[in-house]
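Hi everyone, thanks for making the time. I'd like to walk you through one structure today, going from its cysteines to its sheet and then to its aromatic rings. Let me put it on the screen.

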Amino acid sequence: MTKAGERKVETVEKVNGGAGFIMKEALLMPEQLGEHCKMFSKVTLKPNCELGHHEHHGETEAYYILSGTGMYDDDGKAVPIEAGDVTFCEDGKGHGVKNTGSEDLEFIALILKK
């Protein structure tokens with residue numbers, strides 16, 4: 001078990017060529033992820049920050065939007081997102097996300113290996 005406030009939050013600039021920075025909080029330690037889970041993290045994007053378009057090969061990625069609003073790049077198609085939405089990037093496809101709102105955009109990111 002990990003408690004809020006005890007986990008490390010990593011700030012990474014210009015992820016996949018995106019503007020600004022992201023804040024990534026690993027919800028499980030690498031040794032807890034198992035053989036099929038590559039990442040289970042909470043990601044925060046400040047207004048006008050983005051996670052640039054990138055592709056997944058041999059894995060999939062889902063985002064569960066917790067709060068805020070933004071624009072999701074669904075393999076080249078722009079789709080508005082808000083709290084409660086779930087996105088899914090298939091193996092071999094690409095995606096990205098930008099915070100287009102005035103508040104933080106927060107989501108859970110889950111990468112599963114094939």
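Let's begin with the cysteines. Take C37: the closest cysteine sulfur belongs to C89 and lies 15 Å away, so the distance is too far for a bond. A disulfide would need the two sulfur atoms within 2.5 Å. The disulfide count by that rule is 0. I should say right away that this is a predicted model, so please hear every number today as computed from that model. As for surroundings, C37 is buried, with a relative accessible area of 12%. C49 counts as buried too, at 6% relative accessibility.

Now to the strands. There is an open sheet of 6 strands, and if you trace across it the order reads β1-β2-β3-β10-β5-β8, with antiparallel pairing. Which strands stand at the edges? They are β1, residues 9–13, and β8, residues 86–89; each has a single partner strand, so one side of each has no neighbour in the sheet. From one strand to the next, the twist averages 25°.

Let me zoom in on one edge. β1 runs antiparallel to β2, which covers residues 21–26, and 5 bridges join the two. One example to click on is V9, whose bridge partner in β2 is E25.

E25 comes up again when we step over to S41, which sits in strand β3. The contacts of S41, leaving out residues up to four places away in sequence, are K24, E25, A26, L27, F107, I108 and A109. Is S41 buried or exposed? It is buried, with a relative accessibility of 2%.

At the other edge we have T87, which has its place in strand β8. T87 is buried as well, at a relative accessible area of 7%. With residues up to four places away in sequence left out, T87 touches E61, A62, Y63, Y72 and I81. For a sense of scale, T87 and T44 are 43 residues apart in sequence, and their C-alpha atoms are 16 Å apart in space.

There are other strands to look at, and β9 is a good one to select. It spans residues 94–99 and is mostly covered, with 5 of its 6 residues buried. Strand β4, residues 50–55, runs antiparallel to β9 and is joined to it by 4 bridges. In that neighbourhood, E55 stands opposite G94 in β9. Strand β6, residues 69–74, also runs antiparallel to β9, and here 5 bridges make the connection. Y72 has V97 as its bridge partner in β9. Keep Y72 in mind for the aromatic part.

First, though, the core. In soluble globular proteins, nonpolar side chains tend to be buried together. Here, the largest nonpolar core has 16 residues, and L51, Y63, V97, L105 and F107 are the ones that touch the most other members. Which elements give two or more residues to this core? Those are β3, residues 37–45, together with β5 and β10. The most comes from β10, with 4 residues.

L105 is worth highlighting on its own. Not counting residues up to four places away in sequence, L105 touches V43, T44, L45, I65, S67, G68, T69, G70, I81, V97, K98 and N99.

That brings me to the rings. How many aromatic pairs does the structure hold? The total is 2. One of them is Y63 with Y72, an edge-to-face pair at 6.0 Å centre to centre, with 85° between the planes. Both Y63 and Y72 are buried. For Y63 and F107, the ring centres are 4.4 Å apart and the planes meet at 45°, so this pair is tilted. If you want the cut-off behind that label, planes under 30 degrees apart count as stacked and over 60 as edge-to-face, with the rest tilted.

I like the tilted pair because it links distant parts of the chain: Y63 lies in strand β5, residues 59–67, while F107 lies in strand β10, residues 105–113, and they are 44 residues apart. Like Y63, F107 is buried. Put together, Y63, Y72 and F107 form one aromatic cluster.

That's my tour. Thanks for listening, and I'm happy to rotate the view for anyone.

Conventions: Residues numbered from 1 in each chain as written. Predicted model: local features only at pLDDT ≥ 70, side-chain atom pairs only at ≥ 80, totals over all residues. Heavy atoms only, no water. Phe/Tyr/Trp six-rings, centres within 6.5 Å; stacked < 30°, edge-to-face > 60°. Buried < 20%, exposed > 50% of the residue type's maximum accessible area, 1.4 Å probe, protein only. Pairing = 2+ DSSP bridges. Axes fitted to C-alpha atoms, helices over the stretch in contact; angles between N-to-C directions. Core = buried A, V, L, I, M, F, W, Y, C linked by side-chain atoms within 4.5 Å. Contact = heavy atoms within 4.5 Å.
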